Amino acid sequence: MEIKINGEILTLSPSTLMDLVRHRGLDPGSVVMEHNLKVIDQAAWETTQINHGDTIELLSFVGGG
Amino acid sequence: METSDKLILGKREFSSRLLTGTGKFASNELIPPMLEASGSEIITVALRRIDQGAGDDNILKHIPKQTTLLPNTSGARTAEEAVRIARIARQAGCGDFIKIEVITDMRYLMPDNQETLKATQILVQEGFIVLPYVMPDLTLSYRLQDAGAAAVMPLGSPIGSNQGILTRPIIELIIDSIEIPVIVDAGIGKPSQAAEAMEMGADAVLVNTAIATSEDPVTAGAAFSMAVKAGRMAYRTEMGPESIQANASSPLTGFLRG
């Protein structure tokens, strides 16, 4: 299936949001996950399936003025 | 003079009139001691896409719980993008404060006032405490006030340029005219410039680069804190007017003469 992550279209096998974070080697505590324009709490990542056509933003808070 | 002198943003009261930022620190470990030394109670953060392979040091881990987070919408080029970033920041637990920053000019980093006004109108309706970063403009400031902005944040000079308050004449008009707080943001490179803003009657200043890129950000934070307090105290004492002629401060009667 194809999904869009951070503006890039990628082909992915069926998985959950948590699988995606693990696959990318990200520290879950530092990730803000937006799934189809909705921010998903970390507690729900294991149970949230990624579907074909989904849009995901993987974000984090960084320094800024 | 009444002793209580709080900065009020939205319905929140703050004792410190120095807002700080988290950008450009050599080490984020310096942020907690800088906050301690500067007394700053509000600090900005930004939101970014995670690049694959990039380190993901969560800036929020370095900010003490009692500090109010002021997420900015940097990276936004339109009102719509700013609104989306603001919603994400709030949903991610950053609270209701938002600094609107819409920039399309990458050389001077000048804010887009029109898009900023649009974003302000939308986000106020959604219950945000909106602090718009703008090019100083009196008419726009009235419109932001009418839209329900919690403050206006006119720039002193380009972001990170350390040029001080080049826009002083316009900021003075804004301070003189509008009811909501005026926070001078951007370009303040030295404590004396922060003091200048406060003597002019600004309600607060936001300083990031000058503190963060100093050789000693903790001491710089303390220096800015003193300057902001001194400037505010001076403003409240209603300093005397300037004049071209001298006004003697010692008696001028003939002494030892005749």
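How much space lies in the largest pocket? About 380 Å³. Keep in mind as you click around that this is a predicted model.

**Stop 1: the pocket**

Start by selecting A:Gly64, A:Gly65, B:Ile159, B:Asn208 and B:Thr209, which are the closest to the pocket's centre among the 25 residues that line it. Next, colour three elements of chain B: strand 4 (42-49), strand 10 (204-207) and helix 7 (209-212). Each of them supplies at least two residues of the lining. If you colour the lining by residue type, you should get 9 nonpolar, 11 polar and 5 charged residues.

**Stop 2: chain A as a whole**

Now hide chain B and show chain A as a cartoon. You'll find 1 helix and 7 strands, and walking along the sequence gives the pattern β-β-β-α-β-β-β-β. The C-alpha trace spans about 40 × 25 × 20 Å along its principal axes. How does the radius of gyration fit a compact globule? Chain A has 12 Å, which agrees with the value near 11 Å that a compact globule of 65 residues would have. Of the 65 residues in this chain, 48% are buried. Switch on contacts if your viewer can do it: taking those between residues at least 6 apart in sequence, 55% join residues at least 24 apart.

**Stop 3: two asparagines in loops**

Most residues other than glycine have a negative phi. Chain A has a couple of residues to look at with that in mind.

Go to A:Asn6, in the loop between strand 1 (2-5) and strand 2 (8-11) of chain A. Its phi is positive, near 50°. Is A:Asn6 buried or exposed? A:Asn6 counts as buried because its relative accessibility is 14%, and the cut-off for buried is under 20%.

Then jump to A:Asn36, in the loop between strand 4 (32-35) and strand 5 (38-40) of chain A. A:Asn36 also has a positive phi, about 50°, although it is not a glycine. With 39% relative accessibility, A:Asn36 counts as partly exposed.

While you're in that loop, click on A:Leu37, which lies there too. A:Leu37 is exposed, at 59% relative accessible area. Draw a distance from its C-alpha to that of A:Leu26: the two are 11 residues apart along the chain and separated by 20 Å.

**Stop 4: a parallel sheet in chain B**

Bring chain B back and select strands 6, 7 and 8. They form an open sheet of 3 strands in the order 6-7-8, with parallel pairing. Strand 6 (97-100) and strand 8 (153-154) are the edges, each pairing on one side only. Zoom in on strand 6 and strand 7 (residues 129-134): 4 bridges join these parallel strands. For a landmark, pick B:Lys99, which stands opposite B:Leu131 in strand 7.

**Stop 5: helix 6 and its neighbours**

Finish on helix 6 of chain B, residues 191-200. Show side chains for its buried residues: B:Gln193, B:Ala194, B:Ala195, B:Ala197, B:Met198 and B:Met200. What do they pack against? Add helix 5 (168-177), strand 9 (183-185), strand 10 and helix 8 (217-236) of chain B to the view, and you have their partners. Strand 10 will be familiar from the pocket, where it supplies at least two lining residues.

One last click: B:Gly201 follows helix 6, and its phi is positive, near 105°.

Terms used
Residues are numbered from 1 along each chain as its sequence is written. Chains are lettered from A and ligands numbered from 1 in the order in which they are written. This is a predicted model: local features need pLDDT of at least 70, side-chain atom pairs count only at pLDDT 80 or more; totals for chains, interfaces and linings use all residues. Side-chain values use heavy atoms; hydrogens and water are left out. Two strands pair if DSSP finds at least two bridges between them. On a 1 Å grid over the protein atoms alone, a cavity is a set of points where a 1.4 Å probe fits but cannot get out, and a pocket is an open set with protein on both sides within 12 Å along at least five of seven lines; lining residues have an atom within 4 Å of a point. Grid points are joined across faces, edges and corners, and a volume is the space filled by probe spheres set on the points. Ala, Val, Leu, Ile, Met, Phe, Trp, Tyr, Cys and Pro count as nonpolar, Asp, Glu, Lys and Arg as charged, and the others, Gly among them, as polar. The radius of gyration is taken over C-alpha atoms; the globule rule is 2.2 Å times the number of residues to the power 0.38. Buried means under 20% relative accessible area, exposed over 50%, partly exposed in between (1.4 Å probe, protein chains only). Contact means heavy atoms within 4.5 Å.
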